[in-house]
Amino acid sequence: MSPRRTYWHLEGSERVPTEYDIATSRILYYAGRGFEVDLPLSDWYRTYQADSPFQCADWERFRDPRATTYARYVAIQAGQESVVDALFESIERADADRSQSAAWLAALEQIVPPARYLFHGLQMAACYVGQMAPSGRIAICAAFQAADEMRRLQRFAYRMAQLRRAVPGFGDGARQVWEDHPAWQGAREAIERLLATWDWGEAFVALDLVLKPQIDRFFGGAFARAAAAAGEPLWAEILASLDQDGAWHREWADALLSTVEATSRDSRAAVEGWRRRWGSLAGGAAKGLESLLAPPRG
């Protein structure tokens, strides 16, 4: 008997496996056969993963359009981070924050510090989607997405630290703004409901197809344009760099949805129901965020 190749599960492929194929195919040992030991956790996975209305005939049909492996991810992010580091250094050298208008600084204080809570919620939701995903390829995408959300949180925290040099105490009331400011309550409700959504299919749809695209559209669109108009083109460029992560998140999420809908009519119906359920929450979150950039009345 001839020895088996290390990627034996790809032996039937009609082409030579790529690095992505080898590194991401069938890496979840329990998928399809269950856990080796029956524990209370097994019931959770049966209920919220295996019995989810979000089903696919073969989850391995899904492919990340970017074919992201760990090495590829590190290379992409290293390039982006070097650019962002240079932009932050330019902001500090110019010391432009001390000459910003009071109105713009007030707007920044209502957005930048409390946004950290929002991004942390998105990061935790992505972790849950990855933890419950029935395919290693989906889990990998979700894990890198969670890392991207942490990147965005850290960059906003760094911007907050810069602004504290010009405005002592900048962001000290961030938690109160997040918990009480009317403009943030739509986003806060949506995130808190998302973090208590156990079905992995609904969590994926709510996060990646409904809520997060609306949030990303604000930070990469309206907020970035407002920053440029306020005389902060470097901060606008940083926001654009962070938005590149969101573009990939939307790309892989759309690819997963297409894979599922191509094999399961019932899943298509479930997705439509979840879209309707979460649409109003996402719309309210987006409307509230946009109001933070509205000029003060009177």
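**Salt bridges, ring pairs and a surface patch**

In this predicted model, Arg164 and Asp172 are joined by a salt bridge whose closest N and O atoms are 2.9 Å apart. The two partners can be placed by how much of each is covered: Arg164 has a relative accessibility of 34% and therefore counts as partly exposed, while Asp172, at 58%, counts as exposed.

A salt bridge also joins Arg250 to Asp216, with 3.6 Å between the closest N and O atoms. This pair links distant parts of the chain, since Arg250 belongs to helix 9 and Asp216 to helix 8, and their positions lie 34 residues apart in sequence. Arg250 is partly exposed because its relative accessible area is 26%, whereas Asp216 is buried, its relative accessible area being 2%.

In total, the count comes to 19 salt bridges. Another of them is formed by Arg159 and Glu232, whose closest N and O atoms are 2.5 Å apart. Arg159 is found in helix 5 and Glu232 in the loop between helix 8 and helix 9 (233-261), so this pair ties together parts of the chain that are 73 residues apart in sequence. Arg159 counts as buried because its relative accessibility is 0%, and Glu232, with a relative accessible area of 5%, is buried as well. Arg159 has a further contact, as it lies over the face of Trp235 at 5.7 Å from the ring centre. A comparable arrangement is formed by Arg66, which is placed over the face of Trp248 at 3.9 Å from the ring centre. Salt bridges can also join into a network, as is found for Glu81, Asp85, Arg151, Arg155 and Asp245.

Aromatic side chains form a further set of contacts, and the structure holds 26 aromatic pairs. One of these consists of Phe119 and Phe156, which meet edge-to-face, with 4.9 Å from centre to centre and 85 degrees between the planes. Phe119 is part of helix 4 (residues 102-132) and Phe156 of helix 5 (residues 136-166), so the pair ties together parts that are 37 residues apart in sequence. Phe119 counts as buried because its relative accessibility is 0%, and Phe156 counts as buried at a relative accessibility of 0%.

Trp200 and Phe204 provide another aromatic pair, which is tilted, with 6.3 Å between the centres and 35 degrees between the planes. Both residues belong to helix 8 (residues 200-229), where they are 4 residues apart, or about one turn of the helix. Trp200 is counted as buried because its relative accessibility is 0%, and Phe204 is likewise buried, with a relative accessible area of 0%.

Ring pairs also extend into a cluster, in which Phe88, Trp104, Phe119, Phe156, Tyr158, Phe218, Phe219, Phe223 and Trp235 are linked. Phe119 and Phe156, described above as an edge-to-face pair, are thus among the members of this cluster. Trp235, whose face is covered by Arg159 at 5.7 Å from the ring centre, is also one of the linked residues.

At the surface, Val37, Leu39, Leu41, Trp44 and Trp198 make up a nonpolar patch of about 480 Å². Val37, one of these residues, is placed in the loop between helix 1 (19-24) and helix 2 (40-50). With a relative accessibility of 52%, Val37 counts as exposed, because the cut-off for that class is over 50%.

Note on methods: Residues numbered from 1 in each chain as written. Predicted model: local features only at pLDDT ≥ 70, side-chain atom pairs only at ≥ 80, totals over all residues. Heavy atoms only, no water. Patch = residues over 30% accessible without salt bridge, like charges linked within 9 Å, V, L, I, M, F, W, Y side chains within 5 Å. Areas by Shrake-Rupley, 256 points an atom, 1.4 Å probe, with all protein chains shown as cover. Salt bridge = Lys/Arg side-chain N within 4 Å of Asp/Glu carboxyl O. Helix = DSSP H or I, 4+ residues; strand = E, 2+ residues; numbered from the N terminus. Buried < 20%, exposed > 50% of the residue type's maximum accessible area, 1.4 Å probe, protein only. Phe/Tyr/Trp six-rings, centres within 6.5 Å; stacked < 30°, edge-to-face > 60°. Lys NZ or Arg CZ within 6 Å of the ring centre and 35° of its normal.
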